[in-house]
Amino acid sequence: MENETLIEGDICIVGAGAAGISMALEWSKSPHKVILLEGGGFEYDPKIQDLYAGKTTGQAYFPLMSSRLHYFGGTTGHWAGFCSTLDPIDFAKRKWVEHSGWPIIKTDLDPYYERAQKKIELGPYEYDMAFWQKKDPSLEPLFKRDSVVWNKMWQFSPPTRFGVKYRTDIIKSKNIHLYTYANVVNILTNENGSSIREVIIKNFEGKQHRVRAKNFILACCSIQNARLLLASGQHAPKGLGNDNDLVGRFFMEHLEIKSAELWLLKPDPLKLYAFDFGVTKARAELAIRSQKQEEFSILNGTVSLRPLDLAKKLKPAIERWNQEDPRKSGERFFGNYGKASQEASLSNSASRSYELFTRIEQAPNPSSRVTLDSEKDGLGVPRASLHWELTSFEKRSLRKMYEMIGQEAGVAGIGRVKMMDYLLDKTDNSWPSFTGGGWHHMGTTRMSDDPKQGVVDANCKVHGITNLFIAGSSCFTTAGAANPTLTLIALTIRLSDHVKTLMRT
């Protein structure tokens with residue numbers, strides 16, 4: 001393609017990961033011309049991956065270059081396939097959680113969750129424990145009563161590698177036009193900044209092109225969506241959609257950390273909670289009832305259980321995972337997980353001791369944010385700088401969760417819970433060295449009907465810009481405790497339906 005080519009279509013989607021590919025597939029075989037821009041190629045390229053490098057401050061975090069994959073299929077190239085829905089309380093305005101409250105509720109997403117299930121090859125849209133117990137009566141809950149602790153179900157994608165599964169569908173589509181090595185470096189608006197005129201794409205061969213469309217959808221990822229908006233300030237000195245200084249703020253992660261041990265009076269395989277990578281279709285994690293969250297003013301979180309001997313075998317694999325090549329780390333870690341779980345006969349053997357591992361939402365925090373660094377990448381775009389900031393709220397919530405789980409274990413007469421040392425001192429708000437995230441980036445372009453509280457509205461349209469939309473977990477207002485992939489795809493399908501409605505008018 002000649003340099004300075006003008007590419008035109010009806011819809012321009014920026015990014016070909018889970019959100020971007022899901023969006024494009026919704027338009028396949030339609031009369032509309034879809035432009036799908038992917039910054040990388042079909043394989044891992046270290047020079048392209050380096051475009052995602054950036055700085056981190058605050059709470060220790062993974063290298064940004066390793067946290068997302070920059071080629072066709074995106075980070076589905078090394079995700080583990082864990083899927084569950086957000087809970088109704090996650091969407092609610094909670095008086096004890098500042099900045100909470102989505103402009104939509106869970107029932108608004110239910111039909112889109114069901115459609116999203118198919119994209120990632122999940123089973124039926126059923127997340128009630130009773131459904132899975134009918135299929136396997138041996139799935140017994142840890143606690144008979146569930147007024148305090150309940151069992152939240154997960155399903156598992158194979159996992160679906162979008163770059164493999166959907167490559168042919170995208171390439172052979174007559175109306176989807178995929179451009180690889182097409183990195184968006186700038187978004188240009190009309191003079192008053194009310195609509196997007198075109199985006200500028202570049203590659204390392206020195207070529208530059210322009211893309212024009214009726215509607216534009218950013219589907220990069222939470223950090224890169226914010227970075228691109230902040231770096232595109234032709235008629236907006238603060239960046240696009242950033243009149244109220246909200247773009248990049250409220251970056252959220254799932255705090256994932258080992259927190260306690262469960263010691264049972266009698267050995268029990270706890271099959272309902274067991275996970276064997278590549279085999280398990282559904283399992284439960286312990287969660288706290290929403291009424292108790294409100295009563296004790298705590299955040300939402302879940303607890304997974306794995307035998308202590310398995311946890312010890314996994315420790316070196318996890319340590320290696322956090323240091324390895326981003327394209328290989330997930331595959332190697334879960335390969336080790338599968339071997340360890342088979343050696344421990346996780347699904348069949350009984351154990352008396354279990355590690356309790358937490359995944360808990362991060363409270364929405366405007367100081368936890370993505371900004372632009374002074375250093376630029378190889379294509380001239382300022383690199384991202386992430387400041388990840390946790391608070392005492394997360395730690396207090398963790399502690400209270402385990403107090404309640406421990407009390408329930410005592411009431412049930414099944415054993416005892418031993419909290420780890422870092423949770424014992426109620427005056428200590430520091431975090432241990434093994435504190436980690438789930439590689440789950442959320443927030444940065446949060447959803448709210450009030451432009452002073454969010455970057456996008458309930459339909460994922462950027463406030464103040466008529467034809468710019470954002471797809472993905474950067475639109476999350478709160479994080480909940482569920483892995484974000486299923487929800488971000490559901491939101492993307494909902495966004496697609498909305499844009500289709502606009503195109504018909």
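## The parallel sheet

Strands β2 and β11 run parallel and are joined by four bridges. Strands and helices are DSSP runs numbered from the N terminus, a strand (E) having at least two residues and a helix (H or I) at least four. Two strands are said to pair if DSSP finds at least two bridges between them. In general, the strands of a sheet pair through backbone hydrogen bonds, either parallel or antiparallel.

This is a predicted model, in which local features need pLDDT of at least 70 and side-chain atom pairs count only at pLDDT 80 or more, while totals for chains, interfaces and linings use all residues. Residues are numbered from 1 along each chain as its sequence is written, and side-chain values use heavy atoms, with hydrogens and water left out.

Between β2 and β11, Val 14 stands opposite Leu 218, and Ile 13 stands opposite Ile 217. These two strands belong to an open sheet of five strands with parallel pairing, in the order β7-β3-β2-β11-β20. At its edges are β7 and β20, each of which pairs on one side only. From one strand to the next, the twist averages 20°; such angles run from 0 to 180 degrees between N-to-C directions, and axes are lines fitted to C-alpha atoms, for helices over the stretch in contact.

## Neighbours within the parallel sheet

Strand β2 (residues 11-14) also pairs with β3 in the parallel sense, over four bridges. Here Ile 11 has Val 34 of β3 as its bridge partner. The chain passes from β2 through α1 to β3 in a right-handed β-α-β crossover. The term right-handed applies to a crossover if, with the strands pointing away from the viewer, the path from the first strand over the helix to the second runs clockwise.

On its other side, β3 is joined by four bridges to the parallel strand β7 (residues 176-179), where His 177 is the bridge partner of Ile 35. Strand β11 is joined by three bridges to β20, again in parallel, and Ile 217 has Phe 469 of β20 as its bridge partner.

## Buried strands and a buried helix

Which residues of β3 point one way, and which the other? Val 34 and Leu 36 of this strand (residues 34-37) point one way, Ile 35 and Leu 37 point the other way, and all are buried. Buried means under 20% relative accessible area, exposed means over 50%, and partly exposed lies in between (1.4 Å probe, protein chains only). In β11 (residues 215-218), Asn 215 and Ile 217 point one way and Phe 216 and Leu 218 the other way; all are buried.

Helix α9 (residues 222-231) is largely enclosed by the rest of the structure, because nine of its ten residues are buried. Among the buried residues of α9 are Ser 222, Gln 224, Arg 227 and Leu 230.

## Helix α14 and its contacts

Helix α14 packs on the parallel sheet, touching β2, β11 and β20, and its direction makes about 165° with that of β20. Contact means heavy atoms within 4.5 Å.

The axes of helix α1 (residues 18-26) and helix α14 (residues 485-504) come within 9 Å and cross at roughly 40°. The residues in contact include Ala 18, Ser 22 and Met 23 of α1 and Leu 488, Thr 492 and Val 499 of α14. By class, this contact has eight nonpolar, three polar and three charged residues. Ala, Val, Leu, Ile, Met, Phe, Trp, Tyr, Cys and Pro count as nonpolar, Asp, Glu, Lys and Arg as charged, and the others, Gly among them, as polar.

## The mixed sheet

Another open sheet has four strands in the order β1-β10-β9-β8, with mixed pairing. Strands β1 (6-8) and β8 (183-189) stand at the edges with a single partner strand each, so one side of each is left without a neighbour in the sheet. Neighbouring strands of this sheet are turned by 25° against each other on average, direction ignored.

Strand β9 (residues 196-202) and strand β10 (residues 208-212) pair in the antiparallel sense over four bridges. Val 211 of β10 is the bridge partner of Val 199.

## Backbone details in loops

The peptide bond from Pro 158 to Pro 159 is cis, with omega near 10°. Pro 159 lies in the loop between β6 (149-156) and α7 (162-165).

Leu 270, a residue other than glycine, has a positive phi near 45°. Leu 270 is in the loop between β12 (255-268) and β13 (282-288) and counts as buried at 4% relative accessibility. Cys 460 is not a glycine, yet has a positive phi of about 65°. Cys 460 occupies the loop between β19 (436-437) and β20 (468-470) and is buried, with a relative accessible area of 3%.
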